[in-house]
Amino acid sequence: MLDLSKILSDIDGFGRERAQSAEFLRDELSTANGVISEIAEDPASACRRISDAKTSWLTATFEENPSFAVPAPKLDSAHAVVAIDGSQIFADKHEVALCYLINTSAVTLFYGCGERPIALTRPMLFYKNEDLVQSYGGKETRVDQKMVGFRRMVAEFNELERALPTLEKKGVPAVALMDGSMIYWALQGEPEDYRKWALGEVTRALDTARGFGIPVAAYISDPGARDFVNSLRVMLCDQQIIDCDKCTHKKEDTKPPCEKVGRLKDSSVFGSKLDNGCRTVVFSSKSKILDEYGDHRVQSFYLNAGKEIARIEIPAWVSADRSMLDMVHFVCYDQAQKGRGYPVVLAEAHEHAVVRGSERAFFYETVQRAFIKHGAKITMSMKRLSKGY
Amino acid sequence: MENEIVGEVIEASTIEFRAESRELHSPPAFGCFVRVSVGAQSSVPSSPVASPQSVVDDDPFESSDSFGTFRQASGGFGRAYREIIEGESSPDCPGLDPAIFGIVCGASTGPVDSSRKLRAFWKDEDQMQEDHPEISEWLLVTHFNAMIIGHTCNGAVQHLLPPQPPKLFSQVRACTDDEIRLITRKMDFLRTIVNSHQAPAEEVIAACILRAYEAYDGDFNFLVAAGKELASLMKDDYDRLQAIIRRVSPW
């Protein structure tokens with residue numbers, strides 16, 4: 001039970017703090033715009049400075065002037081958009097039995113060709129010992145939320161791989177959209193063999209997409225990325241050699257100039273620079289995990305999708321092909337218009353994949369019935385029983 | 001003539017059922033007669049208490065040929081109406097399969113998932129279909145409700161509520177003109193509607209009378225018979241009776 005009255009003053013302080021930071025953000029945005037203008041004078045040398053810097057944060061590099069804005073291209077021809085999403089019921093030791101479920105969806109919408117939309121869902125149950133205990137890096141790990149998350153990511157790319165041949169057969173230009181980032185930096189901390197397996201599944205699906213000539217893009221709504229802002233921080237750095245570990249401001253306990261834009265997100269910077277439908281140039285990330293993506297090294301751009309700045313991630317082979325890049329740009333913007341701010345195809349894929357609370361309860365009820373039918377023992381923790389639901 | 005499938009039962013009781021329309025935005029018309037087949041294993045058993053004949057015989061307020069009375073009063077029926085009441089086993093009207101009959105008394109279209117609120121798009125219909133193919137494909141659904149007015153028993157229509165509700169997921173079919181004429185041979189279904197509190201009864205009565213009138217090829221004698229039945233049922237509510245008569249009058 002929450003006694004809200006005990007934290008009312010904290011909530012009030014929270015509001016006040018946010019109002020103040022809005023003022024700081026205005027100042028930081030003005031500084032950021034100044035730096036972007038400086039970069040525009042010589043983008044190549046700025047990019048070299050950013051690439052050479054040793055920072056404790058990830059930076060974004062660029063081949064074109066980052067102050068460029070590319071307007072949304074027009075596409076009048078028929079086309080298709082497929083979106084993949086997934087959701088899960090995490091393994092819960094307090095439930096009837098230890099197992100987890102992944103539900104993936106693939107929704108394809110066709111435009112201008114009269115084809116009927118397709119929505120497929122694929123629920124998968126994982127309950128065998130090899131599903132619950134994974135052996136990688138010479139050690140056994142019991143399944144946890146992080147592992148289920150990776151398994152779901154793999155299942156989504158498997159779903160993409162399955163959806164692509166059908167899409168190709170329809171013979172209309174198509175784009176595949178994924179929900180959320182394609183830069184799986186969290187895999188960095190996993191054993192090498194696990195990483196290889198997971199990224200192998202991802203890159204195999206991307207290979208298939210490339211083979212069919214279908215660009216793949218990940219759409220990130222309300223992105224929190226700061227890679228480009230971090231690049232601006234490099235530009236603001238006053239050190240002779242840019243190396244965060246050797247920063248003199250740390251030793252002297254003075255405020256480093258890079259903090260002048262420290263609170264900004266990339267989306268706030270581009271919010272003031274992009275007109276409706278426009279995108280930024282393509283940025284490359286220095287995320288270490290991308291070294292393992294082979295030909296599919298992920299790049300990104302920001303798009304004014306109408307109601308927000310979205311981050312779009314694409315494999316390098318998509319950004320290298322201007323017609324594919326334009327197609328992704330058009331589709332992301334057009335889909336966001338049709339979906340009142342968020343791509344309608346992704347919203348539909350989410351609706352088809354999502355496992356609601358009542359469905360979760362029904363799932364466990366069904367598992368329970370199967371156990372009873374076969375005379376298997378049901379164990380429930382005292383904690384679960386005490387909750388009485 | 002084959003009965004057209006118009007929906008599938010998704011909720012049922014012994015007095016009404018709710019069905020998902022086969023066509024989005026195009027449920028069977030208000031006042032339409034529909035039937036739900038009753039499977040062989042769950043066929044409505046003939047009731048020892050309420051066989052068609054016993055109903056007629058045991059009802060002290062019903063003559064053995066109520067239509068005979070109408071016929072005399074109205075001065076004779078037209079050909080279509082006469083065929084149906086005089087030639088019950090004519091080739092057009094073989095004995096009926098086990099079924100439950102209803103009259104469509106309401107319909108609605110909305111989101112499949114009630115948690116997904118709909119908002120206007122301000123686009124014309126063609127543009128909507130072009131830009132949002134998913135909406136008609138899986139976001140919306142049309143439902144209709146039907147009040148049950150009778151069922152078959154031994155191949156004949158009984159104007160009684162069925163012993164069991166229709167089975168869920170049974171197909172709902174539109175009644176053919178032949179079936180409508182069989183159902184409306186006796187006007188007892190009007191009493192069921194008049195006494196119903198589920199829908200605006202005047203509207204349902206007017207709509208179903210007009211539909212049956214069509215099934216009789218516009219035989220005016222049918223309207224007269226229906227009007228007389230209503231006059232009897234609503235003798236204490238002249239205004240309501242007038243409201244219905246005004247709705248169904250062909251002039």
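In this short talk I will go through one sheet in chain A and one pair of helices in chain B.

Please keep in mind that this is a predicted model, in which local features need pLDDT of at least 70 and side-chain atom pairs count only at pLDDT 80 or more, while totals for chains, interfaces and linings use all residues. Residues are numbered from 1 along each chain as its sequence is written, chains are lettered from A and ligands numbered from 1 in the order in which they are written, and side-chain values use heavy atoms, with hydrogens and water left out.

Let me start with the sheet. In chain A, nine strands (DSSP runs of E, at least two residues, numbered from the N terminus) form an open sheet with mixed pairing, in the order β1-β9-β10-β11-β8-β7-β2-β3-β4, where two strands pair if DSSP finds at least two bridges between them. Its edge strands are β1 (60-62) and β4 (118-126) of chain A, each of which pairs on one side only. Within chain A, β9 (residues 283-285) pairs with β10 (residues 298-304) in the antiparallel sense over two bridges, and Ser284(A) has Gln299(A) in β10(A) as its bridge partner.

Now to the helices (DSSP runs of H or I, at least four residues). In chain B, α8 (residues 201-215) and α9 (residues 220-233) pack at an angle of about 150°, with their axes 9 Å apart; axes are lines fitted to C-alpha atoms over the stretch in contact, and angles run from 0 to 180 degrees between N-to-C directions. α8(B) and α9(B) are therefore roughly antiparallel to each other, a term for angles over 145 degrees.

Note on methods: Angles under 35 degrees count as roughly parallel, over 145 as roughly antiparallel, 65 to 115 as roughly perpendicular and the rest as oblique.
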